[in-house]
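Colleague: Could you take a close look at the empty space in this model, and then at the strands? I'd like it in one connected story.

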Amino acid sequence: SLRGFGSGSDANFRDGLKQAAAALVRFPTENYGLERVEVLRGPSSGLYGAADIGGIVHRVSKQARPDHVNEIGVQVGNYAQKQLRADLGGARGKGGHAWRVVGLAHENEPQADYPGVRERKTRRLYIAPSLLLELSERSTLRLLSEFWDKPGSDNPSEFALPGPQRSRVLAGDPSFNRYDLRQWSLGYQFEHRFNDAWHFRQNLRTAGSRGDYNYLYFGAADSQGNIFRGSGAMSRETRYTAVDNQLQGKFNTGPIAHTLLAGLDYLHSRLDTDDYSGSASPLNLYRPVYGQPNAQLTRRDTYKTENLQQLGVYAQDQMALGPWRLSAGLRHDSVRKSSDNHLASSRSEQSDQAVSGRIGANYIFANGLAPYASYGTSFLPQSGRDRHGKAFTPTRGEQYEIGVKFQPAGSK
């Protein structure tokens, strides 16, 4: 939670680009594949586009470096946990070229056991190759890729009895419950230095994720101890392409030193949803029998495809005047969304535009104290329609902040 706002989906950024996320396909992060995590508090829409006003969480991937140090690790633990991980790389040829491969294989038994049933193990396979190419003295290209596969069983629930007594009966079914997730991404980071003052950067990534979730839900038990259950299945598949072009320069106007950043970014995402529901065989609390057949599942009206296209233009100037630091940024977004209901053979569309920005100032004292004040706005498109059929308006945010920062001398 950042500034009181959740950061699960709309604050999810990786290597400078937003990750389009939805339920079941949030692009979870393999921590072993990360170099670091950066948390930017406060409105970041001015630079990064649609995001909650609380801030963003930016994950930076491990990338090829000429000075890389190799490592291999083995881990074992309870619940039959076994894990092998490796981070291998090095320099190749002349000119600063480098390669790196990060990989992990993990397996464990579920924490909750169905009596007399051998359940699916949870497995996790991850591999992330990257390549650094020095194209010239002023140009570099980083190629990044990632593949992640995690088949597993659903985390079952224990049926709750009135009072403190435990039933110790799991209400799911190992022959039906599952949660499988697979994702991939390909991209690059290009940088060209015109001179010591002006740089151009372009980041691009295309990625996809698919999640399949089978579950059982249940109600109260009757006098004979029978739990009446229902079944459901959810499938989500998303794919997106994001690109960000940035021009950064440093210059002076009299006594004021400027760092100017201007950019153009584009995001196109697609989300396919497909849900099913049906009945399920009852389960007896006193004599639970698993592996019983379920009724045929029926497709629900959430069989839809949603597309989003967002184009943003932005600029920011960071200024230094003696002990003063001033920053001002402005951004314009154009968003188009469409939703196709495949069962109803209907289509809805909506378009939104917005201007967001921020301004801030702080004063740096010699002892490390830095009082500051800032004001910012945010813009976040919303999908769907209300009960009158009207498209939801985008969420807009406004935040101001006054505070003091302190950095002890000689520290980071």
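Modeller: I'll go through the cavities, then the pocket, then the strand pairing.

This is a predicted model, where local features need pLDDT of at least 70 and side-chain atom pairs count only at pLDDT 80 or more, while totals for chains, interfaces and linings use all residues. Residues are numbered from 1 along each chain as its sequence is written, and side-chain values use heavy atoms, with hydrogens and water left out.

Let's start inside. The structure holds three cavities of 30 Å³ or more (on a 1 Å grid over the protein atoms alone, a cavity is a set of points where a 1.4 Å probe fits but cannot get out, a pocket is an open set with protein on both sides within 12 Å along at least five of seven lines, and lining residues have an atom within 4 Å of a point). The largest cavity contains about 240 Å³ of space (points are joined across faces, edges and corners, and the volume is what probe spheres set on them fill). It has 26 lining residues, and Asp15, Ser61, Leu144, Ser185 and Arg205 come closest to its centre. Strands S8 (122–134), S9 (139–150), S12 (178–193) and S13 (198–221) each put at least two residues into that lining (strands are DSSP runs of E, at least two residues, and helices runs of H or I, at least four, numbered from the N terminus). S12 gives the largest share, with seven residues. Sorted by class, the lining of the largest cavity has 11 nonpolar, 10 polar and five charged residues (Ala, Val, Leu, Ile, Met, Phe, Trp, Tyr, Cys and Pro are nonpolar, Asp, Glu, Lys and Arg charged, the others, Gly among them, polar).

The second largest cavity holds about 180 Å³. Its lining has 16 residues, with Lys18, Tyr48, Asp265, Leu267 and Arg331 nearest the centre. At least two each come from S2, helix H1 (45–48), strand S14 (226–253) and strand S15 (256–279). Here the class split is nine nonpolar, three polar and four charged.

Now to the open side. The largest pocket has a volume of about 1,500 Å³. Of its 50 lining residues, Leu40, Leu47, Tyr48, Gln318 and Arg358 sit closest to the centre. Tyr48 is thus listed nearest the centre for the second largest cavity and also among the closest for this pocket. The pocket lining divides into 17 nonpolar, 20 polar and 13 charged residues.

S2, met above, also belongs to an open sheet of four strands, ordered S2-S1-S4-S3 with mixed pairing (two strands pair if DSSP finds at least two bridges between them). S2 (17–18) and S3 (34–41) are the edge strands, each with a single partner, so one side of each has no neighbour in the sheet. S3 is joined to S4 (residues 55–61) by seven bridges in the antiparallel sense, and Glu38 stands opposite His58 in S4.

Further along the chain, S5 (residues 71–77) and S6 (residues 81–91) pair antiparallel over seven bridges, with Glu71 bridged to Asp87 in S6. Three residues lie between the strands of this hairpin, where Tyr79 has a positive phi near 55 degrees. S6 also runs antiparallel to S7 (residues 98–108), over 10 bridges, and Gln83 has His106 in S7 as its bridge partner.
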